[in-house]
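I opened the notebook to record what I looked up in this structure, one topic at a time. The entries below follow the order in which I went through them.

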Amino acid sequence: MILLVSLRNRCKHPRWHSRPSNYWNNFQHFCCRGMDGRNPTKKVFIQRDYSQGIAVKFSTEFPHELHGKVEETSYNETINHINELFRRAEALSWQVYCEGCIGCLTGYLSHYCCKTSYEKRVEEVAQYIRNQNRDVFEQRGVIIGDPMDRGLRCIEVNILQERHQT
């Protein structure tokens with residue numbers, strides 16, 4: 001145990017270090033505020049849908065808090081596309097089997113050199129959400145969060161409100 005603590009203090013890998021104290025403030029500034037200075041006033045959480053098993057799938061039920069803010073069709077297209085990307089990320093293929101075998105043979109050091117197909121798909125989901133926020137949701141006063149930030153338990157939706165000038 002003492003060896004692990006001393007290695008953690010010496011290692012330069014970011015996984016061993018805790019996040020800086022201002023991490024949450026920076027996250028709120030860059031992720032939770034709109035480009036036009038609006039602040040989040042209400043949060044809606046889109047829960048996981050376990051009706052078809054434990055695969056990552058989010059509920060497509062339209063939250064009543066978003067009525068009048070976002071069209072139901074664009075919301076459903078976004079959630080369905082996110083669900084499809086996670087379905088493809090968790091699909092088994094020869095590439096996934098080879099990654100697992102190579103990882104096992106190299107003591108999983110290969111995972112530090114190359115991204116797995118799952119990591120690539122998760123980055124694709126994050127990029128898709130950023131694009132949807134920029135192109136569709138942010139000008140309507142809504143920001144959708146990355147489900148990885150919540151441990152794939154839910155998708156956080158921030159509803160923004162104009163800041164009042166005094």
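These entries cover salt bridges, one helix, the nonpolar core, the cysteines and a glutamine.

**Entry 1, salt bridges.** I note at the outset that the model is predicted. I asked how many salt bridges there are by the rule applied here, and the count came to 8. Since side chains of opposite charge can pair when their charged atoms come close, I then went through some of the pairs one by one.

I looked up Arg88 and Glu84, whose side chains meet in a salt bridge at 3.5 Å from N to O. Both residues sit in helix H3, which covers residues 72-90, and because they are 4 residues apart there, about one helical turn separates them. This fits the general pattern that an α-helix has 3.6 residues a turn, so residues three or four places apart point the same way. For accessibility I wrote down 32% for Arg88, which makes Arg88 partly exposed, and 28% for Glu84, which is likewise partly exposed.

I turned next to Lys115 and Glu123, which form a salt bridge with their closest N and O atoms 2.8 Å apart. Lys115 is partly exposed at 44% relative accessibility, and Glu123 is partly exposed at 40%.

The pair I checked after that was Arg150 and Glu156, where the closest N and O atoms of the salt bridge are 2.6 Å apart. Arg150 is partly exposed, with a relative accessible area of 26%, whereas Glu156 counts as buried at 11%, the cut-off for buried being under 20%. I also recorded that Lys43 joins Arg150 and Glu156 in a network of salt bridges.

**Entry 2, helix H3.** I wanted to know what span the 19 residues of H3 should have at 1.5 Å a residue. The expected value is 27 Å, and the end C-alpha atoms are 27 Å apart, so the two agree. I then listed the buried residues of H3, which are Ser74, Tyr75, Thr78, Ile79, Ile82, Asn83, Leu85, Phe86 and Ala89.

**Entry 3, the nonpolar core.** Which residues touch the most other members of the largest nonpolar core? I found that they are Phe58, Ile82 and Phe86, in a core of 24 residues. At least two residues of this core come from each of strand E1 (39-47), H3, helix H6 (117-137), strand E2 (142-144) and strand E3 (154-161). H6 gives the most, with 6 residues. I followed Phe86 further and, leaving aside residues up to four places away in sequence, found that Phe86 touches Val56, Phe58, Tyr118, Val122, Val125, Pro147 and Leu152.

**Entry 4, cysteines.** I searched for disulfides and the structure holds 0. Cys113 is in no disulfide, and the nearest cysteine sulfur, that of Cys114, is 5.8 Å away. Seen from Cys114, the closest cysteine sulfur is that of Cys113, and 5.8 Å is too far for a bond, because a disulfide needs the sulfur atoms within 2.5 Å. I added that Cys113 is exposed, with a relative accessible area of 68%.

**Entry 5, Gln127.** I closed with Gln127, which lies in helix H6 and is partly exposed, its relative accessible area being 36%. A polar contact of 2.7 Å joins the side chains of Gln127 and Arg130. I also looked up Gln127 against Asp146, and these are 19 residues apart in sequence and 9.3 Å apart in space, C-alpha to C-alpha.

Definitions and conventions. Residues numbered from 1 in each chain as written. Predicted model: local features only at pLDDT ≥ 70, side-chain atom pairs only at ≥ 80, totals over all residues. Heavy atoms only, no water. Salt bridge = Lys/Arg side-chain N within 4 Å of Asp/Glu carboxyl O. Buried < 20%, exposed > 50% of the residue type's maximum accessible area, 1.4 Å probe, protein only. Expected span 1.5 Å × (residues − 1). Core = buried A, V, L, I, M, F, W, Y, C linked by side-chain atoms within 4.5 Å. Contact = heavy atoms within 4.5 Å. Polar contact = N/O pair within 3.5 Å; in protein donor to acceptor, adjacent residues only side chain to side chain.
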